[in-house]
Amino acid sequence: EGERRAPRANTVPPHMGHKKVLVTGGAGFVGSNVAEQLLARGDDVVIVDEMNDYYDVRIKENNLRRLREMYPEDKRLAIYRGDICDEDFMLQLFEKERPQWVCHMAARAGVRPSIQDPFVYIHSNIRGTTHLMELSHKFGVKNFVFASSSSVYGGSKSTFFSEDENVDNPVSPYAASKKACELLAYTYHHLYNLNVSGLRFFTVYGPRGRPDMAPFKFIDRVSRGLELQQFGDGSSSRDYTYIDDIVDGVLRAIDRPNKYEMFNLGKGSGTSLKEFLDIVQSHVGKKAIIKIMPDQPGDVPYTCADVSKAYDLLGYRATVPFSEGIRRTVDWYMNDYGKNSGSCIEPETQANGMGRA
Ligand code: NAD
């Protein structure tokens, strides 16, 4: 590896001790997996999630139920239902819980829906993130880690994205909202010395993955013998990152505060759509019925992460090969998906109240 950029000096010493971490979006795909690992290693976790219906809310309820069942009666896990933009609610939450670490995973995700309804994205992503940073600086949070996205590279001409790249050309309201979070994070670092790390995730997949995303949809439709839509000729390629690798990167960013840094968290290599479908078909053991559709506006045809900065500063390296990740995801889909539906949020936390579940 050649000489890398210099931001080592921008790194605050590692902090490995016991932590109380606020995980926003903790009922979602990435957030619930991060919460699970934090609890497993002994940290305290405060989850806040509004449980919106962007996708089937029972999936989020299941994620929470699973955590609660793993840690019944455990005071180390608190679950709140509410909107991170709700000022009174969030102020009360910070006063009561006083988290010293924030892992901000809540957001309206999804590129295409953001074109239909940009204002929801402005609300949850830009307003929500600003509000959390405001509280974080007022309450002396030691490290603010948040989810950005590879979509910020949207208009970029290159296909191998490094953090040095100009990201001034977001091609969807979702991407623009994530870029806005990165800019505001700089402002909070500059004004108040808030330690911030933004993590640009590259298409995350795995067990309990989001049903609106291609990896889930492909496995689901191939398994059920249903037609699936392939956008473009199959040559487009993405960097798909297995959930365990993403969680590892998030925990590393929590433990190693930075003054202000953006990191790519990806696998570091791309998989073409055609290759992807071949792997899914071989693990599912069925042939896909494919309908070819034109490329979609807002979609980025090639994404591949340069992950050397995350390696240099965080020691991050993705370890799960794509075919193995898909095998585990298919295994989950066949054996676990769809079991245990029904609500798990305890009645007192259903309201916007402050009850701990
Ligand atoms: P997700 O939709 O499963 O989780 C997000 C959670 O945030 C949801 O449970 C939702 O109810 C909650 N939420 C949304 N707005 C909220 C609000 N205003 N107040 C409280 N809770 C709110 O999505 P995910 O895949 O787990 O993504 C986690 C983060 O990573 C998001 O910030 C997303 O933009 C980012 N990201 C994800 C991917 C991916 O491939 N999954 C890729 C790039 C970036």
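Here is a quick tour of the helix packing, the ligand shell and a few individual residues in this structure. Keep in mind that this is a predicted model. Three pairs of helices come up below: α5 with α6, α9 with α11, and α7 with α11. There is also a ligand, with 29 residues around it.

**Around the ligand**

- Among the 29 residues that surround the ligand, the nearest are Gly25, Gly28, Phe29, Ala107 and Ala147.
- Two helices, α1 (29–40) and α5 (118–138), and two strands, β2 (44–49) and β5 (143–149), each put at least two residues into this shell.
- The top contributor to the shell is α1, which gives three residues.
- Sorted by class, the shell holds 15 nonpolar, eight polar and six charged residues.

**Helices α5 and α6**

- Helix α5 packs against helix α6 (residues 173–192) at about 15 degrees, and the two axes are 9 Å apart.
- Angles under 35 degrees count as roughly parallel, so α5 and α6 are roughly parallel to each other.
- The crossing of α5 past α6 is right-handed.
- On the α5 side, the contact is made by Pro118, Tyr121, Ile122, Asn125, Ile126, Thr129, Thr130, Met133 and His137.
- On the α6 side, the contact residues are Pro173, Tyr174, Ser177, Lys178, Ala180, Cys181, Leu184, Ala185, Tyr188 and Tyr192.
- In this contact of α5 with α6, 13 residues are nonpolar, five are polar and one is charged.

**Helix α11 and its two partners**

- Helix α11 (residues 322–335) meets helix α9 (residues 273–284) with the axes within 10 Å, crossing at roughly 45 degrees.
- That angle makes α9 and α11 oblique to each other, and their crossing is right-handed.
- From α9, the residues in contact are Ile279, Val280, His283 and Val284, while α11 brings Phe322, Ser323, Ile326, Arg327 and Val330.
- The contact of α9 with α11 comes to six nonpolar, two polar and one charged residues.
- Helix α7 (residues 214–223) also packs on α11, at an angle of about 55 degrees and with the axes 11 Å apart.
- So α7 is oblique to α11, and α7 passes α11 in a right-handed crossing.
- Here Pro215, Ile219, Asp220 and Ser223 of α7 meet Thr329, Val330 and Tyr333 of α11.
- By class, the contact of α7 with α11 splits into four nonpolar, two polar and one charged residues.
- Val330 is worth a second look, since it takes part in the contact with α9 and also in the contact with α7.

**A buried strand residue**

- Val21 sits in strand β1 (residues 20–24).
- Val21 counts as buried because it has 23 C-beta neighbours inside 10 Å, and the cut-off for buried is 20 or more.
- Leaving aside residues up to four places away in sequence, Val21 touches Leu38, Asp43, Asp44, Val45, Pro99, Trp101, Cys103 and Ile254.
- Val21 and Ser148 are 127 residues apart along the chain, and their C-alpha atoms are separated by 18 Å.

**Loop residues with positive phi**

- Glu73 has a phi near 60 degrees, a positive value in a residue that isn't glycine.
- You'll find Glu73 in the loop between α2 (57–70) and β3 (77–81).
- Glu73 is exposed, because 6 other C-beta atoms lie within 10 Å.
- Arg98 isn't a glycine either, yet its phi is positive at about 45 degrees.
- The loop that holds Arg98 runs between α3 (87–97) and β4 (101–104).
- Arg98 counts as partly exposed because it has 13 C-beta neighbours inside 10 Å.

**Two more exposed loop residues**

- Pro294 lies in the loop between β13 (289–293) and α10 (308–314).
- With 8 C-beta neighbours inside 10 Å, Pro294 is exposed.
- From Pro294 to Asp117 it's 177 residues in sequence and 22 Å in space, C-alpha to C-alpha.
- Gly285 belongs to the loop between α9 and β13.
- Gly285 is exposed too, with 10 other C-beta atoms within 10 Å.
- Gly285 and Leu135 are 150 residues apart in sequence, and C-alpha to C-alpha they are 50 Å apart in space.

Definitions and conventions:
Residues are numbered from 1 along each chain as its sequence is written. This is a predicted model: local features need pLDDT of at least 70, side-chain atom pairs count only at pLDDT 80 or more; totals for chains, interfaces and linings use all residues. Helices (H or I, at least four residues) and strands (E, at least two) are DSSP runs, numbered from the N terminus. A residue is buried if 20 or more other C-beta atoms lie within 10 Å of its own, exposed if 12 or fewer, and partly exposed in between; C-beta atoms are placed from the backbone. Axes are lines fitted to C-alpha atoms, for helices over the stretch in contact, and angles run from 0 to 180 degrees between N-to-C directions. Angles under 35 degrees count as roughly parallel, over 145 as roughly antiparallel, 65 to 115 as roughly perpendicular and the rest as oblique. A crossing is left-handed if the near helix is turned anticlockwise from the far one by less than a right angle, and right-handed if clockwise. Two residues are in contact if their C-beta atoms, placed from the backbone, lie within 7 Å. Ala, Val, Leu, Ile, Met, Phe, Trp, Tyr, Cys and Pro count as nonpolar, Asp, Glu, Lys and Arg as charged, and the others, Gly among them, as polar. A residue is near a molecule or strand if its C-beta atom, placed from the backbone, lies within 6 Å of it.
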